[in-house]
Amino acid sequence: MSVQSKLIKAGHLIDMDDIIREGNPTLRAVAADVSFPLSDEDILLGEKMMQFLKHSQDPVMAEKLGLRGGVGLAAPQLDISKRIIAVLVPNPEDEEGNPPKEAYSLQEVMYNPKIVSHSVQDAALADGEGCLSVDRLVEGYVVRHSRVTVEYFDKNGEKHKIKLKGYNSIVVQHEIDHTNGVMFYDRINEKNPFAIKEGMLIIE
Ligand SMILES: [Zn+2]
């Protein structure tokens, strides 16, 4: 049975054992485009990936399944070399601890996502980045585009074009990188991990 048919079984919940780690060559491969109309298998995989992210952010399910929290997942991390990513970025609670009006600032499964334009300005997260496929702390600024325009297809085959900035922009670039065989630490300055390029935005 293929990896994908195992993962999309009705009773299967994706957990950390399904996620491959650095050193696995699939993480260094350029993934293949999916074709449209999407197969049921590719639609189901996208749904399972989003379900994983929800579980990973839910304290009860995360504990039960032993999940690390995540805001994005790319199919190559499941050893499936296809251009499919899921992103789920929660909005913070307000100062009194009440839930936000909109639960998520970004919630999408993207098929064949592509950066079609980007700002000249670079940006990096102040606290660096992590990855479900990397079981170690890698410190340093991960230099990315500050703003990107991304084209992708949804599960119905409809094309979308969205503009992203701030944290959402970083998350989507991290996941698109996975479909191109790029790891986040490839973008850290080797000699000086905390070097700030002129004009680079540091996102707190
Ligand atoms: Zn990652």
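Two strands count as paired if DSSP finds at least two bridges between them, helices (H or I, at least four residues) and strands (E, at least two) being DSSP runs numbered from the N terminus. The structure is a predicted model, in which local features need pLDDT of at least 70 and side-chain atom pairs count only at pLDDT 80 or more, while totals for chains, interfaces and linings use all residues. Residues are numbered from 1 along each chain as its sequence is written.

**View 1. The protein chain as a whole, with four helices and eight strands.** Followed along the sequence, the elements of the protein chain succeed one another as α-α-α-β-β-β-β-β-β-β-α-β. The C-alpha trace of the protein chain extends over about 50 × 40 × 35 Å along its principal axes. Of the 204 residues in the protein chain, 32% are buried, a class that requires 20 or more other C-beta atoms within 10 Å of the residue's own, whereas 12 or fewer make a residue exposed and values in between make it partly exposed, with C-beta atoms placed from the backbone. Among the contacts in the protein chain with a separation of 6 or more, 69% link residues that are 24 or more positions apart; a contact here requires C-beta atoms, placed from the backbone, within 7 Å.

**View 2. The antiparallel partners of strand 3.** Strand 2 (residues 84–90) is joined to strand 3 (residues 104–118) by seven bridges, and these two strands run antiparallel. Within this pairing, Ile-84 has Tyr-111 of strand 3 as its bridge partner. Strand 3 is also joined, by five bridges and again in antiparallel fashion, to strand 6 (residues 148–153), where Glu-151 is the bridge partner of Lys-114.

**View 3. An open sheet of three strands.** The strand order in this sheet is 5-4-8, and the pairing is mixed. Strand 5 (144–145) and strand 8 (201–203) occupy the edges with a single partner strand each, so one side of each has no neighbour in the sheet. Strand 4 (residues 122–125) runs parallel to strand 8, to which three bridges join it, and Ala-124 is found opposite Ile-202 of strand 8. Leu-125, which belongs to strand 4, is classed as partly exposed because 19 C-beta neighbours lie inside 10 Å. Leaving out residues up to four places away in sequence, Leu-125 touches Val-142, Ile-170 and Ile-203. The C-alpha atoms of Leu-125 and His-55 are 24 Å apart in space, with a sequence separation of 70 residues.

**View 4. Annotated positions, including those in helix 4.** An unreviewed UniProt entry lists Cys-131, His-174 and His-178 under "binding site"; although these positions are spread over 48 residues of sequence, they cluster in space, with a largest C-alpha distance of 10.3 Å. The unreviewed entry in UniProt also places the feature "active site" at Glu-175. UniProt positions follow the numbering used here, with shortened feature names, and the annotations may be inferred rather than shown by experiment.

His-174 lies in helix 4 (residues 166–179), as do Glu-175 and His-178. His-174 counts as buried because it has 24 C-beta neighbours inside 10 Å, while Glu-175 is buried with 23 other C-beta atoms within 10 Å, and His-178 is likewise buried with 23 C-beta neighbours inside 10 Å. When residues up to four places away in sequence are not counted, His-174 touches Gly-72, Glu-129 and Phe-184, and His-178 touches Ala-74, Pro-76 and Gln-77. Glu-175, with its neighbours within four places in sequence set aside, is in contact with Gly-72, Ala-74, Ile-85 and Val-87.

**View 5. Backbone geometry at Pro-37, Asp-79 and Asn-112.** The peptide bond joining Phe-36 and Pro-37 is cis, with omega about -5 degrees, and Pro-37 belongs to the loop between helix 1 (3–7) and helix 2 (40–57). Asp-79, a residue other than glycine, has a positive phi near 70 degrees; Asp-79 sits in the loop between strand 1 (72–74) and strand 2, and with 17 C-beta neighbours inside 10 Å it counts as partly exposed. Asn-112, also a residue other than glycine, has a positive phi near 50 degrees, but its place is in strand 3. With 19 other C-beta atoms within 10 Å, Asn-112 is partly exposed.

How values were computed: Two residues are in contact if their C-beta atoms, placed from the backbone, lie within 7 Å.
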